[in-house]
Amino acid sequence: MDMCYSEEDDEFRARARAWLQTHVPSSPRPPRGRAAADFDRAWQRKLYEHGWAGIAWPKEYGGRGLSSLQQVIWYEELARAHAPHHVNTTYVGLMHAGPTLIARGTDEQKAYHLPRILSGEALWCQGFSEPNAGSDLASLTTHGVVDGTDVVVTGVKTWTTDAQHADFQELLVRTDPGSQRHRGLTWLICDMRSPGIEVRPITTMMLDARVNTVFYDEVRIPRANVVGEIGDGWSTALATLGFERGLGFIGDQLELYERVQRVIELAKRVRFDDGRSAIDHDDIAERLASIKADTMAIRAMTLTSIAETDRSGVPGPKGSLMKLMVTATHKALSELVGDILGWEFLEFDGDRAAHPWTYDFLWSWVYTIAGGTSEIQREITADRLLGLPRAR
């Protein structure tokens, strides 16, 4: 992939920067609840109406079909403009449900769902993890019984982000009762308004209730909502997880560099008891330099991953290595901010806009679990990238 910016790339950056300067919301995103979901829908709708939705999606499915480098430029400009954070209620639909449908869905599924995802009309959530099948997803027990033209689902999913606001869900169930592990699973499009679904919010340490437990009591889902083949859902799920751990984290990867720049400015302003600014202390300066170097390495890895995805059409296992590095760097940066701010850092009332550094610190712990735990990412890296023997 040519990493030199062309005149066309520079013009695209200028257009993106000018549009964002004019259209980024002046008021902060509400911290939680339906108001936050409505804010996200409105922002996505604005992107859609002005031709900025689906930057990475092919043109035939309503996206911009931009080059890999232009995708990077867009995410860099989003971070620079402090645009609404992409990890919101539109994330699942845009970053892995939509791409999964593009890669594995039927023409009918694509025609119905993709425009609604891009416009913000339909929000999605993910129904993969269960109370006893989180990191070990292949041990899931939520089951689906094929009954004529329907699949009847019964079971429980948990840690389902934004389920209370979602219109649809990417749902992984076991449809072969005698199967074990990766065999006999099916990937379904579940209408979250279907009879038999109950959503119970879970309050987290960030004082919100974005994650939920979802109960399914003989929920009837049309067989036409199967993505891929019945019993071959693990293959489809791997594509979903590839998008989630690869392309789904591009914004996070590139935003880290911008965040480091803000921490550098913070370290220049904050003064310790000895009268010197935080950045004048060798330990702080050295840690900042190391973290900045890591963000530059992450950017290079991001570009490499995008180029490989361009060739293959589906992100590969390197996404796990990138996700692991982003998680570690995010956490190290948040801990450094805590050392700079001291006791002030512990003040948090659930309002992200009022306490952004504390929120980022708490979110850095979520990163170690969301999208697959760091332990799972190390296992995938060892197994699929390094070819090491599997753990017993």
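## Exercises on a predicted model

R181 is found in the loop between β4 and β5 (185-191). The model you are looking at is predicted, so keep that in mind as you work through the exercises.**Exercise 1. Work out which exposure class R181 belongs to, and say what its phi is**.

*Step 1.* The relative accessible area of R181 is 39%. *Step 2.* Buried means under 20% and exposed means over 50%, with partly exposed in between. R181 is therefore partly exposed, at 39%. *Step 3.* Now for the backbone: R181 is not a glycine, yet its phi is positive, at about 55°. For background, most residues other than glycine have a negative phi.

**Exercise 2. Find where D162 lies, and decide whether it is buried or exposed**.

*Step 1.* Look between β3 (150-157) and β4 (168-174): D162 sits in that loop. *Step 2.* D162 has a relative accessibility of 5%, so it counts as buried. *Step 3.* Check the backbone as well: phi of D162 is positive, near 60°, and the residue is not a glycine.

**Exercise 3. Place the arginines R41 and R269 in their helices and classify each by exposure**.

*Step 1.* R41 belongs to helix α2 (residues 33-49), while R269 belongs to helix α7 (residues 250-269). *Step 2.* With a relative accessible area of 17%, R41 is buried. R269, with 58%, is exposed. *Step 3.* List what R41 touches, leaving out neighbours within four places in sequence: its contacts are R34, S119, G120, E121, A122, L123, H165 and D167. *Step 4.* For R269, try a distance instead: its C-alpha atom is 8.6 Å from that of I279, a residue 10 places away along the chain.

**Exercise 4. Describe the surroundings of A278**.

*Step 1.* A278 is in the loop between α7 and α8 (282-312). *Step 2.* Its relative accessibility is 0%, so A278 counts as buried. *Step 3.* Setting aside residues up to four places away in sequence, A278 touches A267, V270, F272, I284 and I340. *Step 4.* L341 is 63 residues from A278 along the chain, and the two C-alpha atoms are separated by 9.2 Å.

**Exercise 5. Identify the nonpolar cores and the residues that stand out in them**.

*Step 1.* Start with the largest nonpolar core, which has 48 residues. The residues with the most contacts inside it are L20, W52, W74, W124, L172 and W187. *Step 2.* The element that gives the most to this core is helix α4 (residues 91-104), with seven residues. *Step 3.* Apart from this core lies another one of 20 residues, including V260, I298, L333 and F345. *Step 4.* Zoom in on W74: beyond residues up to four places away in sequence, it touches F12, A16, L20, L47, W52 and I55. As background, nonpolar side chains tend to be buried together in soluble globular proteins.

**Exercise 6. Compare the radius of gyration of the chain with that of a compact globule, then sketch the overall fold**.

*Step 1.* For 392 residues, a compact globule would have a radius of gyration near 21 Å. The chain has 21 Å, which agrees. *Step 2.* Its C-alpha atoms fill a box of roughly 75 × 45 × 45 Å along the principal axes. *Step 3.* The secondary structure comes to 11 helices and eight strands. *Step 4.* Buried residues account for 52% of the chain. *Step 5.* Of the contacts between residues at least 6 apart in sequence, 72% join residues at least 24 apart.

Definitions and conventions
Residues numbered from 1 in each chain as written. Predicted model: local features only at pLDDT ≥ 70, side-chain atom pairs only at ≥ 80, totals over all residues. Heavy atoms only, no water. Core = buried A, V, L, I, M, F, W, Y, C linked by side-chain atoms within 4.5 Å. Buried < 20%, exposed > 50% of the residue type's maximum accessible area, 1.4 Å probe, protein only. Helix = DSSP H or I, 4+ residues; strand = E, 2+ residues; numbered from the N terminus. Contact = heavy atoms within 4.5 Å. Rg over C-alpha atoms; globule rule 2.2 N^0.38 Å.
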